[in-house]
Amino acid sequence: MQRRKFLRVLLGLLGSGAAVSFAYPLLRFLAPPRTAAKQKSLVLSKGEIPAGEAKEIIYNNTPSIVINHPAKGVLAFTRVCTHLGCLVDYDKKAGRLICPCHAGTFDLDGKVMSGPPPKPLPKLPLRVEGDSIILG
């Protein structure tokens, strides 16, 4: 094999490897994510969350909070702030959710009251049946 032919083959292989190593992440970024597996439901007892209190849970691998508010009933939100992903806390006295990182506040409908969060907190689907709270 001549030296020139060897160098052409070598450069072709290296160029192909570089193109693939660039194209694969680009295609993974542009392709829509696979749909998640069917969401599991989670059953809580109403007795676990007294009126006016909240319980922090993990629902489908997402930190979440279930609030038993005397006026609004049972509410469920993800705890992940829509600004930078910090975990929000429930302030029982003020009746709102507060992000400790940048002082973002959300009302009990999940809407942004103040601070930098660009979107409201996502609500989790729930229903109350008898003495059970069913998420999902």
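**Exercise 1.** Work out how many bridges join strand E3 (residues 62-69) to E4, and in which sense the two strands run.

*Solution.* Begin with the pairing itself: E3 and E4 run antiparallel and are joined by six bridges, where two strands are said to pair if DSSP finds at least two bridges between them, and where strands (E, at least two residues) and helices (H or I, at least four) are DSSP runs numbered from the N terminus. Next, look at what connects them, since E3 and E4 form a hairpin with three residues between them. Then pick out one facing pair, in which Ile-65 stands opposite Phe-77 of E4. Finally, consider the cover of strand E4 (residues 73-78), where five of the six residues are buried, buried meaning under 20% relative accessible area, exposed over 50%, and partly exposed in between (1.4 Å probe, protein chains only).

The model is predicted, so that local features need pLDDT of at least 70 and side-chain atom pairs count only at pLDDT 80 or more, while totals for chains, interfaces and linings use all residues. Residues are numbered from 1 along each chain as its sequence is written, and side-chain values use heavy atoms, with hydrogens and water left out.

**Exercise 2.** Determine which strands stand at the edges of the open sheet of four strands.

*Solution.* First write down the order, E5-E6-E7-E8, with antiparallel pairing. Strands E5 (89-91) and E8 (112-114) each have a single partner strand, so one side of each is left without a neighbour in the sheet. As a last step, follow E5 to strand E6 (residues 96-98), with which E5 pairs over three bridges, and note that Tyr-90 stands opposite Leu-97 in E6.
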